[in-house]
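Here is a short report for a reader meeting this structure for the first time. Take a look at the model, then read on.

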Amino acid sequence: MMDSKVFEKIFDAWNLATVASTVWGPDSDMAKNAQSAFYSILNSVDDDTKLEFFEGLERIKARPER
């Protein structure tokens, strides 16, 4: 199982890239830098960790609002 700190680090990078792309547009320097940082972190982990991250992300996105 993936360490929660690893998930949090990848999630934070993903979230920043998503927000920057939404706010400033996907072609902005801010969004490109955030996307680059996300992919850099993602590429530093093994395939099983990547799979666990995206499965966890799907569980979070599928969770109904409280």
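Which residues in H2 meet which residues in H3? On the H2 side they are Phe-38, Leu-42 and Asn-43. On the H3 side they are Lys-50, Phe-53 and Phe-54. Keep in mind that this is a predicted model.

## Overall layout

The protein chain has three helices. Strands number zero. Read from the N terminus, the order of elements is α-α-α.

The C-alpha trace spans about 35 × 35 × 15 Å along its principal axes.

## How H2 and H3 pack

Helix H2 covers residues 29–43, and helix H3 covers residues 47–62. Their axes come within 9 Å of each other. They cross at roughly 125°. That angle makes H2 oblique to H3, because it falls neither in the range of 65 to 115 degrees nor over 145.

The contact of H2 with H3 can also be sorted by class. Four of its residues are nonpolar, one is polar and one is charged. Phe-38 and Leu-42 of H2 take part, as do Phe-53 and Phe-54 of H3. These four count as nonpolar. Asn-43 is in the contact too, and so is Lys-50.

## Salt bridges

Side chains of opposite charge can pair when their charged atoms come close. The structure holds two salt bridges.

One of them joins the side chains of Lys-50 and Asp-47. The distance from N to O is 3.7 Å. Both residues belong to helix H3. They are three residues apart, so about one helical turn separates them. Lys-50 also belongs to the contact with H2.

## The largest pocket

Rolling a probe the size of a water molecule over the atoms shows where empty space is left. The largest pocket has a volume of about 160 Å³.

Which residues line the largest pocket? Met-1, Met-2, Asp-3 and Phe-7 do. Glu-52, Glu-55, Gly-56, Arg-59 and Ile-60 complete the lining. H3 gives the most to this lining, with five residues.

By class, the lining has four nonpolar residues, one polar residue and four charged residues. Among the lining residues, Asp-3, Glu-52, Glu-55 and Arg-59 are of types that count as charged. Gly-56 is also there, and Gly counts as polar.

Terms used:
Residues numbered from 1 in each chain as written. Predicted model: local features only at pLDDT ≥ 70, side-chain atom pairs only at ≥ 80, totals over all residues. Heavy atoms only, no water. Axes fitted to C-alpha atoms, helices over the stretch in contact; angles between N-to-C directions. Helix = DSSP H or I, 4+ residues; strand = E, 2+ residues; numbered from the N terminus. Parallel < 35°, antiparallel > 145°, perpendicular 65-115°, else oblique. Contact = heavy atoms within 4.5 Å. 1 Å grid on protein atoms, 1.4 Å probe; cavity = no way out; pocket = protein on both sides within 12 Å on 5 of 7 lines; lining within 4 Å. Points joined across faces, edges and corners; volume = space filled by probe spheres on them. Salt bridge = Lys/Arg side-chain N within 4 Å of Asp/Glu carboxyl O.
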